[in-house]
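Good morning, everyone, and thank you for making time for this. Please take a moment with the sequence and the structure, and then I will walk you through a few parts of the fold.

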Amino acid sequence: MAFQERNVATYVGRHCQRMWDMLFYNHIGKGEWDLKIEINVNAENEETQVKISCARLTPEIEKILATLRMLDRQLTVYREGEMYLLDVSSVIYAESIDRKTFVYTRKEVYESGFKLYELEQQLEKCGFFRANKSCVVQLKCIRSLKMDLNRKIRATLENGEQIMISRQYAEELKKKLGVK
């Protein structure tokens, strides 16, 4: 296996470990169904393909698809019973409310099938950071910052909404912005 192919396998392995754990413990470990994974590395292939064969589309398979789309910088979200594919660049922030995760763009609000910490892990490479225990924000979408009480920071986003950056995460934000 060439060096580059090994890096791709490591990348996929690291980022899909959580998904594999979920599948294994929720289904395979219970003997509900078998999951067969086949990887064909061939230098003559002109493009990479991922094929999924299944009897029916289950929530677990939808989650696998959503994870794969994140590698292509797309996020699978839902609104009014319809599934949408959003470019990650259009997302301003995501927050968790009552065990549901909502994704906010400039004009719309969608629901995500991921937990907030799962989104955070996937989006941190795209310029997102944790603002407080229930919110991750895209750094480039912050219009202004104002120091608040108890070392908290009030951030005004480009859509006009304001969120609080807790003191626990305020120092990390300052590091990312290069300010003191």
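**Two sheets and a pocket**

I would like to begin with an open sheet of three strands, which run in the order E8-E9-E10 with antiparallel pairing. Its edge strands are E8, residues 142-147, and E10, residues 162-165, each of which pairs on one side only. As you go from one strand to the next, the twist averages 25°.

Before going further, I should say that this is a predicted model. The chain averages a pLDDT of 80, and 78% of the residues score at least 70. Some care is needed with residues 1-31, where pLDDT stays under 50 and for which the model has 29 contacts beyond four places in sequence.

Let us return to the sheet and look at how its strands are joined. E8 and E9 pair in the antiparallel sense over five bridges, and in this pairing Leu145 stands opposite Ala155 in E9. These two strands form a hairpin with five residues between them, and in the turn Asn150 has a positive phi of about 55°. On the other pairing, E9, which covers residues 153-157, meets E10 in the antiparallel sense over four bridges, with Met164 in E10 as the bridge partner of Arg154.

Now please turn to the other sheet, which is also open and antiparallel, and in which seven strands follow the order E2-E1-E5-E4-E3-E7-E6. Why is one side of E2 and of E6 left without a neighbour in the sheet? Strand E2, residues 82-87, and strand E6, residues 128-132, stand at the edges and have a single partner strand each, so one side of each stays unpaired in the sheet. The twist here averages 35° from one strand to the next. Within this sheet, E3, residues 93-97, pairs with E4 in the antiparallel sense over five bridges, and Ile97 stands opposite Lys100 in E4.

Finally, I would like to show you the second largest pocket, which holds about 440 Å³ of space. It is lined by 20 residues, and those nearest its centre are Lys63, Ser112, Gly113, Phe114 and Lys115. The elements that give two or more residues to this lining are helix H2 (59-71), strand E1 (74-79), strand E4 (100-104) and helix H3 (116-123). Which element gives the largest share of the lining of this pocket? That is H2, with five residues. Sorted by class, the lining of the second largest pocket has eight charged, seven nonpolar and five polar residues.

Notes. Residues are numbered from 1 along each chain as its sequence is written. This is a predicted model: local features need pLDDT of at least 70, side-chain atom pairs count only at pLDDT 80 or more; totals for chains, interfaces and linings use all residues. Side-chain values use heavy atoms; hydrogens and water are left out. pLDDT is the predictor's confidence in each residue, from 0 to 100. Contact means heavy atoms within 4.5 Å. On a 1 Å grid over the protein atoms alone, a cavity is a set of points where a 1.4 Å probe fits but cannot get out, and a pocket is an open set with protein on both sides within 12 Å along at least five of seven lines; lining residues have an atom within 4 Å of a point. Grid points are joined across faces, edges and corners, and a volume is the space filled by probe spheres set on the points. Ala, Val, Leu, Ile, Met, Phe, Trp, Tyr, Cys and Pro count as nonpolar, Asp, Glu, Lys and Arg as charged, and the others, Gly among them, as polar. Two strands pair if DSSP finds at least two bridges between them. Axes are lines fitted to C-alpha atoms, for helices over the stretch in contact, and angles run from 0 to 180 degrees between N-to-C directions.
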